[in-house]
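Dear colleague,

Please find the structure below, handed over for your consideration. A summary of what was found in it follows.

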Amino acid sequence: MKYRWKKESNIDSEESWCLYLILDGKKYEFASIDWYPDIEQWDVFVTGYVSEDMTPPEEQKYDLLCNAKNDVLTYAQVWWVSGVFQRMNTDEKEKWWGMGL
C-alpha cells in the first residue's frame, strides 16, 4: 500500500493533514486530521467512502499530531490488509474511482 501525507488548508481548523492512499496510480483521500486551537487537540475524520461507522481514530482527540498520524495509518493498513477495499460492492468502488485525483 502506497500513501502520502499532504498538509492542506481548512476553513474550520488552523492546520489540516490528509492521508492519501495511492491505488492504481491515483490518489484517494482516506482521512484528514485537523488542529482545533479552541480545544488544543487534533481531530480525525475517516472518509465516508472508507467507513460509515465511527472508526477507532475518530473516537478520540489527540494532543500530538504524530500520534494521530500513527493511529490513522495503522487503521488504513488494517483496512487494506483485511481486504475491506477488495470486498466493496461495485457502487462503493465506483465512488472510490470517482474521487481519485
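For a chain of 101 residues, a compact globule would have a radius of gyration near 13 Å, and the value of 14 Å found here agrees with that. Please note that this is a predicted model. Along the principal axes, the C-alpha atoms occupy a box of roughly 40 × 25 × 20 Å. Buried residues make up 39% of the 101 in the chain.

As to secondary structure, the chain holds two helices and four strands. Their order along the sequence is β-β-β-β-α-α.

Two acidic residues may be of interest to you. The first topic is Asp34, which lies in strand 3 (residues 26-36). Asp34 counts as buried because its relative accessibility is 7%, and the cut-off for that class is under 20%. Between Asp34 and Cys18 the C-alpha to C-alpha distance is 8.8 Å, with a separation of 16 residues in sequence.

The second topic is Glu52, located in the loop that runs between strand 4 (41-46) and helix 1 (65-81). Its relative accessibility is 71%, so Glu52 counts as exposed; that class begins over 50%. On the surface, Glu52 belongs to a patch of negative charge, in which it gathers with Asp53, Asp91, Glu92 and Glu94.

In short, Asp34 is buried, whereas Glu52 is exposed and is part of the negative surface patch.

Yours sincerely

How values were computed:
Residues numbered from 1 in each chain as written. Predicted model: local features only at pLDDT ≥ 70, side-chain atom pairs only at ≥ 80, totals over all residues. Heavy atoms only, no water. Patch = residues over 30% accessible without salt bridge, like charges linked within 9 Å, V, L, I, M, F, W, Y side chains within 5 Å. Areas by Shrake-Rupley, 256 points an atom, 1.4 Å probe, with all protein chains shown as cover. Salt bridge = Lys/Arg side-chain N within 4 Å of Asp/Glu carboxyl O. Lys, Arg positive; Asp, Glu negative; His and termini not counted. Charge placed at Lys NZ, Arg CZ, Asp CG, Glu CD. Buried < 20%, exposed > 50% of the residue type's maximum accessible area, 1.4 Å probe, protein only. Rg over C-alpha atoms; globule rule 2.2 N^0.38 Å.
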